[in-house]
Amino acid sequence: MTLTKKDITDLMHEETDMKKNVSKLILNRFLGIIKKAAKKNTTVKMAKFGTFKLKKTKKRIGRNPISKKEYIIESRKKLVFRPSSFLKNNMN
């Protein structure tokens, strides 16, 4: 099952009794903070949850599986989430 932003705001509304537009605003602000931190190459660390960090991938060669033609894939930045050991242990 996939949770969308709408699903998350609905769950926040149900579990906290705050208005839907307030829960939507909070979620958007939280995601905005993570985006700004990523642009500044700052790590966002949340205790007992995990870490959001910007990772730079290396330049590499990719192939079209049908034509077998090779292409160069340039290096790029990726936002990576690494869950904390506390979160991992509580999932199982």
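Start by selecting D17, which sits in the loop between α1 (5-16) and α2 (20-39). Helices here are DSSP runs of H or I with at least four residues, strands are E runs of at least two, and both are numbered from the N terminus. Before going on, know that this is a predicted model, where local features need pLDDT of at least 70 and side-chain atom pairs count only at pLDDT 80 or more, while totals for chains, interfaces and linings use all residues. Residues are numbered from 1 along each chain as its sequence is written, and side-chain values use heavy atoms, with hydrogens and water left out.

**Two loop stops**

Stay on D17 and look at its backbone. Its phi is positive, about 60°, although D17 is not a glycine. Most residues other than glycine have a negative phi. D17 is also exposed, with a relative accessible area of 69%. For these labels, exposed means over 50% relative accessible area, buried means under 20%, and partly exposed is in between (1.4 Å probe, protein chains only).

Now hop to N41, in the loop between α2 and β1. What is the phi of N41 near? It is near 60°, another positive value in a residue other than glycine. N41 counts as exposed too, at 55% relative accessibility.

**The ring cluster**

Next, select F49, F52 and F81 together and show their side chains. Ring pairs link these three into a cluster. The structure holds 2 aromatic pairs. Rings of Phe, Tyr and Trp (its six-membered ring) pair if their centres lie within 6.5 Å; planes under 30 degrees apart count as stacked, over 60 as edge-to-face and the rest as tilted.

Take F49 and F81 to begin with: their ring centres are 5.3 Å apart and their planes meet at 45°, so this pair is tilted. It links distant parts of the chain, with F49 in the loop between β1 (44-46) and β2, F81 in strand β5 (residues 77-83), and their positions 32 residues apart. Are these two buried or exposed, or partly exposed? F49 counts as partly exposed at 34% relative accessibility, and F81 counts as partly exposed at 33%.

Swing over to F52 and F81. Here the ring centres are 4.8 Å apart and the planes are at 45°, so this pair is tilted. Distant parts of the chain are linked again: F52 is in strand β2, F81 is in strand β5, and they are 29 residues apart. F52 is buried, with a relative accessible area of 14%.

**Along strand β2**

Keep strand β2 (residues 50-56) in view and pick K55, which lies in it. Which residues does K55 touch, not counting those up to four places away in sequence? They are R76, K77, K78 and V80, where a contact means heavy atoms within 4.5 Å. Add A38 to your selection as well: the C-alpha atoms of K55 and A38 are separated by 9.4 Å, and the two are 17 residues apart along the chain.

**Zoom out**

Finally, show the whole protein as a cartoon. You should find 3 helices and 5 strands, running α-α-β-β-β-β-β-α from the N terminus on. The radius of gyration is 18 Å, well over the 12 Å that the globule rule gives for 92 residues, so the protein is more spread out than a compact globule. That radius is taken over C-alpha atoms, and the rule is 2.2 Å times the number of residues to the power 0.38. Along the principal axes, the C-alpha atoms fill a box of roughly 55 × 35 × 30 Å. Of the 92 residues, 14% count as buried.
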